[in-house]
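Let's work through a few exercises on this protein chain. Have a look at the structure, try each task, then read the solution.

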Amino acid sequence: MTLRGINLDHSALEAILFLPQAMWIFELETLQIKWCNHAAEHLLGVQNGKLIGSNIVSLRPDEEREALLTTLKQFNTHTPFTSTWTLIRSDQTRIKVQFHWQPCIYSAAVHVLATILDVTESFKIRIQRKNLELQNQRLKEKSKLAEDELKRVFDAIPGKFMVLKPGSYEIVAASNDYLTSTQTNRAQLIGQSLFTKFREDPNDPTADGAKTLLGSLKRVESLKTTDVMGIQRYAIQTPSGKYEKRYWSVINSPVNNSLNELTYIIHRIEDVTALLEDRSFEQFAPDRTDDLLQEVLVRFHEVRATLSNMQEQEILLRSADSMPNVLSWEIDLQTSQITWRDSRAEKSPGFETILKTSTLEEYLNQIHPEDRLEVLRIFNDPTISTDHRFTFQHRILRRDGSISQIKGTGEKHNKFGRPKIVGLLQDITELLLEKKRTSDLEQKLLSTLENMSDAFFIVSHQFEFLYLNLKSERLLRRNRQELIGKNLWEEFPEAANSEIHGLLQHAIHEKRRFSIKYYYAPLDGWFDVSCYSVTEGLAVYFKDITNEYRQEAAAKQMQERFLLVSKATNDVIWDWDLENEMVWWNDSVSRVFGLNTEGLEPGPESWSNRIHPDDFHRVLDSIHQVIGSRESNWTEEYRFRKADGRYAHVHDRGFIIRNEQGKAVRMLGSMLDQTETRELEDKLRESQKLEAMGQLTGGVAHDFNNLLTVIMGNSETLAHQLHDNPQLRSLAEMTGKAAERGAELTSRLLSFARRQPLQPRIVNAGELVQSSLNLFRRILPETIEIKIPETKDLWTIAVDPGQLEVALLNLVINSRDAIKGSGQLRIRASNINIETIQTHAKEILPAGHFVMIAIEDTGHGMTPEILNRAFEPFFTTKEIGKGSGLGLSMVFGFVKQSKGYIKIHSSPNKGTCVELYFPRLDPGNHQEPVNI
């Protein structure tokens with residue numbers, strides 16, 4: 001089965017160990033954390049690897065564990081997954097984090113790599129913002145309900161009046177009676193200007209009602225007092241389109257706010273058309289335009305208007321009484337008696353004490369001492385005229401010791417000559433508390449945004465800056481006061497032409513959240529940008545990750561460079577994580593030692609288990625001694641087992657990396673296989689030794705041969721002269737024979753020293769071997785079977801045939817002596833084409849064409865120690881008197897003097913094979929070689 005996921009080998013884990021992003025790896029079956037970086041430990045408030053082995057479910061609160069287990073069962077190890085969970089830190093505090101899970105290969109098995117982002121602050125902000133939005137929504141709903149209630153009350157109040165906006169005289173509201181009197185409906189009036197909706201009759205050149213009405217409204221705006229107009233002739237347009245003559249009595253009254261600013265104008269009318277056309281007045285006014293009649297009508301209108309106003313006030317007071325947090329009252333300023341319009345128990349708790357008061361003094365006693373004098377001053381203020389409305393605010397002490405905030409409005413007037421105050425009280429305690437909570441929440445939200453580590457700003461749907469926190473000023477290097485109200489793309493035009501422009505547009509229109517790592521050239525920095533849609537437009541979080549990005553890029557480059565170096569070098573590179581006991585090998589370990597990296601043990605045992613037993617303690621003691629000291633370098637030579645079981649001679653070097661406390665945390669090293677180099681050095685030393693021995697032996701043999709020549713000549717002379725003395729002649733002949741044996745010995749020594757005279761001839765090695773077969777059979781016992789395969793089509797060589805025959809005879813005798821009992825001896829000759837230099841044996845064979853003659857036996861063989869000394873003169877393993885130790889030495893010297901090469905293959909109980917290599921004679925050269 002193929003493993004899928006990111007392959008997190010040792011080098012990859014090393015690269016992400018110090019990343020600021022929290023990460024851990026957990027096993028999907030056991031849910032145990034197998035590895036984590038330092039940022040993950042810091043996030044949960046632990047250290048020194050204590051997070052390793054923890055179960056990820058145990059890090060969640062109880063209420064999330066079942067959901068987590070369900071999610072893990074559904075997790076598909078082929079695709080990444082993102083979700084938000086709660087984690088419990090070591091100090092039992094809770095944080096909100098966003099997880100990104102993706103499959104990975106860790107320790108040759110599928111695990112899950114979790115990338116963790118702390119979103120606690122942003123989550124709190126979202127919760128606070130959501131609560132604030134809910135509170136604002138509730139306030140809006142309350143305001144809407146109050147507005148709808150007031151509107152219904154306003155529409156139902158008897159009387160003909162409208163509410164106008166100052167300046168534009170836009171109609172804001174109109175009573176039902178007004179609509180009936182003017183034959184209009186509310187949809188036609190609301191939002192229209194008074195003078196646009198009610199135009200003068202264009203066919204009446206004397207009409208001036210609009211001009212007179214406009215003057216009255218201007219006086220109200222400038223003086224902020226009620227203006228009573230006389231009878232006005234103002235025609236109205238009927239639904240049929242015709243203008244109908246009407247007479248109106250008009251009063252325009254101001255409505256001021258708490259700052260005495262004019263906010264609305266109440267336009268009240270009475271239709272007196274019928275009154276003016278009533279025939280009962282003819283006895284007083286034959287002429288309908290008589291001034292006396294006009295004056296009487298004005299007074300009559302004022303009385304009716306006053307009565308109507310009282311009716312309106314009564315209705316308003318009754319409407320106020322029906323509202324739970326509004327209370328109406330009346331104060332007789334002469335007797336200080338208070339009359340409460342309603343004393344229902346379900347009134348606001350702030351009224352529970354003041355409803356029991358009956359005099360102004362009792363009421364004042366319920367007011368907070370700090371507010372009492374101010375309220376009394378307002379009630380007795382002589383500057384407040386009759387029919388003038390005033391406002392006040394104070395605190396009430398409740399029975400339980402708490403405080404209620406009361407807001408009141410009042411209006412002075414004379415009732416049957418007695419000064420009175422009529423007004424309303426409203427308990428605004430909850431309203432102020434809600435306002436304060438909203439304000440506190442806004443301040444807390446603002447403080448959070450100002451002090452958060454990330455930069456944050458909000459733009460409108462048109463990408464105009466609405467808010468920027470302090471961090472954003474620093475990162476953008478711009479004053480936020482200069483940016484508020486400005487367009488994002490105009491202030492940062494380089495961003496308008498980049499990929500982030502389309503992403504922000506997409507986020508606003510589709511209300512989707514996204515994150516991006518973005519390089520902004522004018523600031524020469526990398527930024528981690530996250531944004532999501534909000535009611536006002538778009539909220540954007542961003543932070544400067546330039547250092548982290550460059551460090552990550554540098555780490556990645558170093559990692560790539562390290563991998564390239566490890567692939568390019570012939571050395572075996574290893575990386576030992578001393579804290580986690582993990583070892584990484586480069587691919588050269590497979591090429592040099594034949595070891596599969598995937599099959600190696602994960603820890604240092606992948607190295608120590610393959611050290612030669614004789615070197616094991618020495619090597620481990622040396623490396624642990626360096627690790628435990630303050631040194632940084634380690635080097636050692638030892639034998640290392642390869643995949644095929646053979647041992648390679650290696651030179652190992654290591655460099656130790658320590659932390660700030662001097663503790664070794666990591667070790668990098670390289671192993672160099674010196675096996676071939678050592679073999680070459682051994683061969684060179686062997687060759688030099690044989691060469692030196694040959695020179696010494698040749699010099700001694702040459703001088704000794706000269707002495708023997710004298711001895712042999714004198715012994716022959718003596719033997720000839722002593723023919724009459726048999727006893728002395730026998731001694732002379734014995735001396736001569738001894739000299740001959742000495743000459744034979746020197747001949748062998750000269751052969752080893754490559755100084756014997758040779759007479760090379762063009763020889764067919766196959767024919768020479770076949771012709772020597774009878775000689776070989778005579779010296780071999782019947783228990784040894786000799787085999788000589790067919791040797792046809794062999795190349796010719798240039799050698800001394802006699803010396804070659806002697807060399808082969810020596811090798812046959814050695815094979816005979818090596819075979820105990822029965823056995824086989826095989827002589828073969830063949831053409832050999834060597835394409836590359838061979839260095840695996842004692843002899844270094846160059847590339848070329850050779851005729852190879854091999855003598856192979858089934859004898860007892862040789863140990864490596866004996867094999868290394870086989871060519872040394874006088875070295876023999878035979879019993880004393882049964883061998884001179886010069887046989888192989890003579891063969892070696894003859895072959896080398898013939899410009900050939902010799903190789904021996906042997907091992908105990910597996911026989912011996914000696915191979916003689918002679919260069920092929922140039923086919924175009926038919927001349928006999930010159931004597932050597």
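Below are four exercises, each with a step-by-step solution.

This is a predicted model, where local features need pLDDT of at least 70, side-chain atom pairs count only at pLDDT 80 or more, and totals for chains, interfaces and linings use all residues. Residues are numbered from 1 along each chain as its sequence is written, and side-chain values use heavy atoms, with hydrogens and water left out.

**Exercise 1. Get an overview**

Task: Find what the protein chain averages in pLDDT, and how many helices and strands it has.

Solution:
- Start with confidence: pLDDT is the predictor's confidence in each residue, from 0 to 100. The protein chain averages 79, and 80% of its residues score at least 70.
- Next, look at residues 279-301, where the pLDDT is below 50; beyond near neighbours in sequence, this stretch has 21 contacts in the model (contact means heavy atoms within 4.5 Å). Residues 303-308 are also below 50, with four such contacts.
- Then count elements: there are 29 helices and 35 strands. These are DSSP runs numbered from the N terminus, helices being H or I with at least four residues and strands E with at least two.
- Last, burial: 42% of the 932 residues count as buried, meaning under 20% relative accessible area with a 1.4 Å probe, protein chains only.

**Exercise 2. Trace an antiparallel sheet**

Task: Work out which strands stand at the edges of the sheet that contains β24, and why one side of each is left without a neighbour.

Solution:
- Write down the order: this open sheet of five strands runs β25-β24-β28-β27-β26, with antiparallel pairing. Two strands pair if DSSP finds at least two bridges between them.
- Read off the ends: β25 (582-585) and β26 (633-641) each have a single partner strand, so one side of each has no neighbour in the sheet.
- Check the twist: neighbouring strands are turned by 25° against each other on average, direction ignored. Axes are lines fitted to C-alpha atoms, for helices over the stretch in contact, and angles run from 0 to 180 degrees between N-to-C directions.
- Zoom in on one pair: β24 (residues 572-577) and β28 (residues 664-673) are joined by six bridges, and W576 stands opposite M667 in β28.
- Add the helix: α22 (residues 613-628) lies across β24, β26, β27 and β28, at about 160° to β26.

**Exercise 3. Compare with a mixed sheet**

Task: Say where the edge strands are in the sheet that holds β30 and β34, and which helix packs on β34 and β35.

Solution:
- The order is β30-β32-β33-β35-β34, an open sheet of five strands with mixed pairing.
- At its edges, β30 (784-787) and β34 (901-906) pair on one side only.
- β34 pairs with β35 (residues 912-919) in the antiparallel sense over six bridges, and Y901 has Y917 in β35 as its bridge partner.
- Helix α29 touches β34 and β35, its direction making about 140° with that of β34.
- Helix α27 (residues 801-818) lies across β30, β32, β33 and β35, at about 35° to β33.

**Exercise 4. Find the core**

Task: Identify which residues have the most contacts inside the largest nonpolar core.

Solution:
- Fix the term: a nonpolar core is a set of buried Ala, Val, Leu, Ile, Met, Phe, Trp, Tyr and Cys residues joined through side-chain atoms within 4.5 Å.
- The largest one has 40 residues, and L808, I827, I853, L916 and F918 have the most contacts inside it.
- Helix α29 (residues 887-897) gives the most to this core, six residues.
- Leaving aside neighbours within four places in sequence, L808 is in contact with residues including F776, I853 and L916.
- Another core, of 28 residues, lies apart from it, with F457 and C531 among them.

Notes: Buried < 20%, exposed > 50% of the residue type's maximum accessible area, 1.4 Å probe, protein only.
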